[in-house]
Amino acid sequence: INLNVSATGGNASSPLTYGLMFEDINHSGDGGIYAELIQNRAFQGSLEYPSTLTPWVSVGDAVLTLQNTSVPLSNSLPTSINVASNSTNGTIGLLNPGWWGIDVKPQKYTGSFWALGSYKGKFTVKLQSDLTEEVFASLDIPSSATPGKWVEHKFELEPRIAAPNINNTFVLEFDCKAGSLNFNLISLFPPTYNNRPNGNRPDLMEALKDLGGSFFRIPGGNNIEGDVYHYPWLWNETIGPLTERPGRPGTWGYQNTDGLGLVEYLNWCTDLSVTPILAVWDGMYLGNEADHILTASELEPWVQYALDELEFILGPSHSTHGALRTQLGHPEPWELKYVEIGNEDDLYDNGPETYSAYRFSMFYEAISAAYPDLIIVSSTGDYTAVGGTNTSNPSATDYHTYTRPDYFVSQFGHFDTVSRQHRSLIGEYACIQGNVYNQVVGVDWDAPKLPWTLWVGSVSEAIFSLGAERNSDTIIGMSYAPGFQNLNSYEWAPDLIAFTADPSQTIKSTSHHVIELLSNNRYNATVPVTSDSDFGPAYWVAGVSEPGHYTFKTAIYNSTSTVPFSISFEGLSEGVKGTLSVLSAPDGLSSNTLENGVVSDVVRKNVTTLAAGSGGVFEFELDNYDVAVLTT
Ligand code: AHR
């Protein structure tokens, strides 16, 4: 393949070309990146997921019961655990196995619990092996428990050695002579990313940071919408002290604690230097109820609710919600430039009709009047509902695509033909099923999805991404979804990063490797490439950061032989050095997996230095399913 790359003549690249998408699915938040180690710490429940004792276990002859005491810990956390004994000797208590294990290391664990009752003795908190009962850390805490009043007890545990595995539990014990005590909000955090209180797991944050993303789409996905019982994600119930967060039934089959809330998401943006793309709920619930879409008059308070959220994020300290932000320790507004109205409003019975009839425009008009600089993104994936009545706004839409390798490759040119007046956020994309022999077909939602990303799928995603990069004037950026998968409990595979409670078992998928390579090799503007060959089996894009500094990206799909490249970059002469980074895997069906507790990573990265030959031409060869970046 002979290619000539021009020095100028393309389009400026979006500074957000690659980003992250996050929602609580697959226990990616609770039991995932949110570092809380105690599962079901506050017995939060709902109609959909009633309060439960799971996974708490009694210690000694303790009897554990859920109680709604006459004095609740708070209106938000009305249910507590009662620990009672009939004995007069020994200790009783309760034990929590964490989120399918607890990683015990010689580091500081910060804990707390609230107690209600009459007890003048001591509590003992421990981290111990579930298999051998070996105690790795233990601490006595004098009780301040008082009848009729909830009292918080804080502590730190510091094991001297690491546990050999994650089969560990957190134990809270006391003298059975206390008779009966109630506990709530029993919490334990390991060190967190950037030492944030109520923060995130460092290893998972590092895995995200490696991607070099520039934006963060939150808080859904379907999880913003809520399921049949009408529980959308409520920003104001995810802020402030944990005692004031009731939690909600998440969309993905479990109660969300909402410990990971709006402020935590925005701090996360700060910590990873990414800009938020904030979705607001727009009146569509999931589920099949006839009334799952709000009427215009029902929607009005929700428009105000979204404005209140924006004031919380962007408003001055003297505004009502800006003052609330200040009171929570954030006097300065956060940065926010993008707001998405809903999620996938092109789906479901009356979704598209009501969206274009009134739902989008009600939010659009109110938000753009209050915040004219915000870029408002529609969620329909096409342009039919974009722009509201004010088409001068630089509108955009969120395009989602879950498909198969061949289909992804066929979509390389998708953005060649879209409107140049609007931009697309590719807020969710992933190759989730294998090819169908001899057919270029999309996904079959009734058929199983892949358990792990396949290399051929990751290569096809790369080709789709290169197609989007080539049309940089039409895109905001792209984010793979879903981001995380707790291998002990999940609803959706494949995912970008899979994990267990053991940080040594964090698996970066084959797609993670591809995004890491493409995202960390940005350029300021695309540049035209002329060629003696059509796209296929090689697909490419070229860009320039500053004169002489080119980035050429390519991926090979379905080649029966090695593909030789001969590339001349305008203005480069013989001897100029370039760096060629090539990702490869043993074959297209290779996956990164966890087998018998061991992570297998099949992706290889080969980095070589090349020198331009006569006429400033770079020459190299790539194999089938290689993804490569050449920088000069
Ligand atoms: O990423 C999983 C789900 O796929 C998202 O929640 C939803 O937006 C899409 O349908």
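**Figure 1. An open sheet of four strands in the predicted model.** The strands of this open sheet follow the order β26-β1-β29-β34, and their pairing is mixed. At the edges are β26 (529-531) and β34 (617-622), each of which pairs on one side only. On average, neighbouring strands of the sheet are turned by 25 degrees against each other, direction ignored. Strand β29 (residues 563-569) pairs with β34 in the antiparallel sense, over six bridges. One position to look for is Ser566, whose bridge partner in β34 is Glu619.

**Figure 2. Strand β27 and the strands that pair with it.** Strand β28 (residues 549-556) is joined to β27 by eight bridges, in the antiparallel sense. Ala538 has Ile556 of β28 as its bridge partner. The two strands β27 and β28 make a hairpin, with two residues between them. In the turn, Gly548 has a positive phi of about 90 degrees. Strand β25 (residues 525-526) also pairs with β27 in the antiparallel sense, here over two bridges. In that pairing, Ala525 stands opposite Val544 of β27. Seven of the nine residues of β27 (residues 538-546) are buried, so this strand is largely enclosed by the rest of the structure.

**Figure 3. The division of the protein into domains.** Domain 1 consists of 2-12 + 524-631, and domain 2 of 20-31 + 195-399 + 411-428 + 473-519. Domain 3 covers 57-189. Between the C-alpha centres of domain 1 and domain 3 the distance is 56 Å.

**Figure 4. The largest nonpolar core, with 112 residues.** Trp268 and Val627 have the most contacts inside this core. Helix α4 (residues 296-314) gives the most to the core, nine residues in total. At least three residues come from each of domain 1 and domain 2. In soluble globular proteins, nonpolar side chains tend to be buried together. A second, separate core has 35 residues, among them Ile92, Tyr109, Ala115 and Phe123.

**Figure 5. The surroundings of Val627.** Neighbours within four places in sequence are left aside here. Val627 is then in contact with Trp455, Val459 and Ala462, and also with Val514, Leu517 and Leu518. The remaining contacts of Val627 are Thr554, Ala555, Ser581, Val582 and Leu583.

**Figure 6. Helix α9, a mostly covered helix.** Nine of the ten residues of helix α9 (residues 510-519) are buried. The buried residues at the start of the list are Thr510, Ser511, His512 and His513. Val514, Ile515, Leu517, Leu518 and Ser519 of α9 are buried as well. Among these, Val514, Leu517 and Leu518 are in contact with Val627.

**Figure 7. Gln39 in a loop.** The loop that holds Gln39 runs between α1 (29-33) and β3 (57-59). Gln39 has a relative accessibility of 15%, and because buried means under 20%, Gln39 counts as buried. Leaving out residues up to four places away in sequence, Gln39 touches Pro55, Trp56, Asn96, Gly98, Trp99 and Trp100. A polar atom of the Gln39 side chain lies 2.8 Å from the backbone oxygen of Gly98. Gln39 and Ser187 are 148 residues apart in sequence, but their C-alpha atoms are 8.8 Å apart in space.

Notes:
Residues are numbered from 1 along each chain as its sequence is written. This is a predicted model: local features need pLDDT of at least 70, side-chain atom pairs count only at pLDDT 80 or more; totals for chains, interfaces and linings use all residues. Side-chain values use heavy atoms; hydrogens and water are left out. A nonpolar core is a set of buried Ala, Val, Leu, Ile, Met, Phe, Trp, Tyr and Cys residues joined through side-chain atoms within 4.5 Å. Buried means under 20% relative accessible area, exposed over 50%, partly exposed in between (1.4 Å probe, protein chains only). Domain bounds come from an automatic or database domain assignment. Contact means heavy atoms within 4.5 Å. Two strands pair if DSSP finds at least two bridges between them. A polar contact is a pair of N or O atoms within 3.5 Å; within protein, one must be able to donate a hydrogen and the other to accept it, and residues adjacent in sequence count only if both atoms are side-chain atoms. Axes are lines fitted to C-alpha atoms, for helices over the stretch in contact, and angles run from 0 to 180 degrees between N-to-C directions.
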